[in-house]
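Subject: A structure for you to look at

Hi,

Here is the structure I promised to pass on. Have a look at it first, and then read on for what turned up.

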Amino acid sequence: MPTGVHLRDARRQLFDAAERVLLRDGPNGLTSRAVTDEAGCAKGVLHRHFPDFDAFLAELVLNRAAQLETQASALRASAGTGTVADNLTSALTTLFGPIPVAIIPLITFRDELRARLRQAMPGGGIAILAQATTAISAYLADERELGRIAADADIDSLTLSLVGGGHLLFADRDPGPPTTESVDKFVTSVIAEAVRRRPA
């Protein structure tokens, strides 16, 4: 596409293109040239909207983190409905979808990106994992208040187990994401004691 051609909602198109490159080629394949080629635009388009490539990546991550906030709200709204295991299984499957999981190593391997994320938001250096941790912790606290999890349950330890183990389950994209059954089995084993000990 010639440099002079205007892209409608260029930022959105560049973000979408970056996510496609990330899923297909991984963090090492995500360059400014790869993004603009994928978006079908001149390289200068990216630099007209962002000061540099790390600024673009920071905005990409923050944009995806904001989308996770909506999913976190839905998880909290599910407290008291269905089963705790089903709610957490669904949440982990959403929070650790293909794009969030692909973004995590991008953050891990780019020092400048982590620095910019830390400046942009509290705990931003591990954005995505931070969002997942906050969402799971708040949900478990709500369920404890409702009496569906034991009053003395260690929410912090449960959250770390669910987020850390959940990330490991979803991080290996080959041959594909884990089945719902395997996620449910994992969740059930992590929360079994807290649910079993709750008052009748």
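**Starting from one serine**

A good place to begin is S32, which is found in helix 2, the helix of residues 32-39. Please keep in mind that this is a predicted model. Is S32 buried or exposed? Its relative accessibility is 13%, and buried means under 20%, so S32 counts as buried. Leaving out residues up to four places away in sequence, S32 touches K43, L46 and F53.

**The annotated stretch**

S32 also falls in a span that comes with a label: the unreviewed UniProt entry annotates residues 31-50 as "DNA-binding region". That label comes from the record. In the model, the span of residues 31-50 is 75% helix and 0% strand, and its end C-alpha atoms lie 14 Å apart.

**From S32 to the aromatic rings**

One of the residues that S32 touches, F53, leads on to the aromatic rings. How many aromatic pairs does a search of the whole structure find? The search finds five. Take F53 and F56: their ring centres are 5.7 Å apart and their planes meet at 20°, so this pair is stacked. The cut-off behind that call is that planes under 30 degrees apart count as stacked. In general, a pair of aromatic rings is described by the distance of the centres and the angle of the planes.

Where do F53 and F56 lie? Both are in helix 4 (residues 53-77), three residues apart, which is about one turn of the helix. Both F53 and F56 are buried. Together with F15 and F50, they form one aromatic cluster.

**The chain as a whole**

Stepping back, here is the wider picture:

- The chain has 10 helices and zero strands.
- Along the principal axes, the C-alpha atoms fill a box of roughly 70 × 35 × 30 Å.
- The chain has 200 residues, and 45% of them count as buried.
- Among contacts in the chain with a separation of 6 or more, 69% are between residues 24 or more positions apart.
- About 10100 Å² of the chain is exposed, with carbon and sulfur atoms supplying 54% of that area.
- There are 21 positive and 24 negative side chains, and the centres of the two sets lie 4 Å apart.

If you open the model, you could start at S32 in helix 2, go on to F53, which S32 touches, and then look at the cluster of F15, F50, F53 and F56.

Happy browsing, and best wishes!

Definitions and conventions
Residues numbered from 1 in each chain as written. Predicted model: local features only at pLDDT ≥ 70, side-chain atom pairs only at ≥ 80, totals over all residues. Heavy atoms only, no water. Phe/Tyr/Trp six-rings, centres within 6.5 Å; stacked < 30°, edge-to-face > 60°. Helix = DSSP H or I, 4+ residues; strand = E, 2+ residues; numbered from the N terminus. Buried < 20%, exposed > 50% of the residue type's maximum accessible area, 1.4 Å probe, protein only. Contact = heavy atoms within 4.5 Å. Areas by Shrake-Rupley, 256 points an atom, 1.4 Å probe, with all protein chains shown as cover. Lys, Arg positive; Asp, Glu negative; His and termini not counted. Charge placed at Lys NZ, Arg CZ, Asp CG, Glu CD. UniProt positions renumbered as here; feature names shortened; annotations may be inferred.
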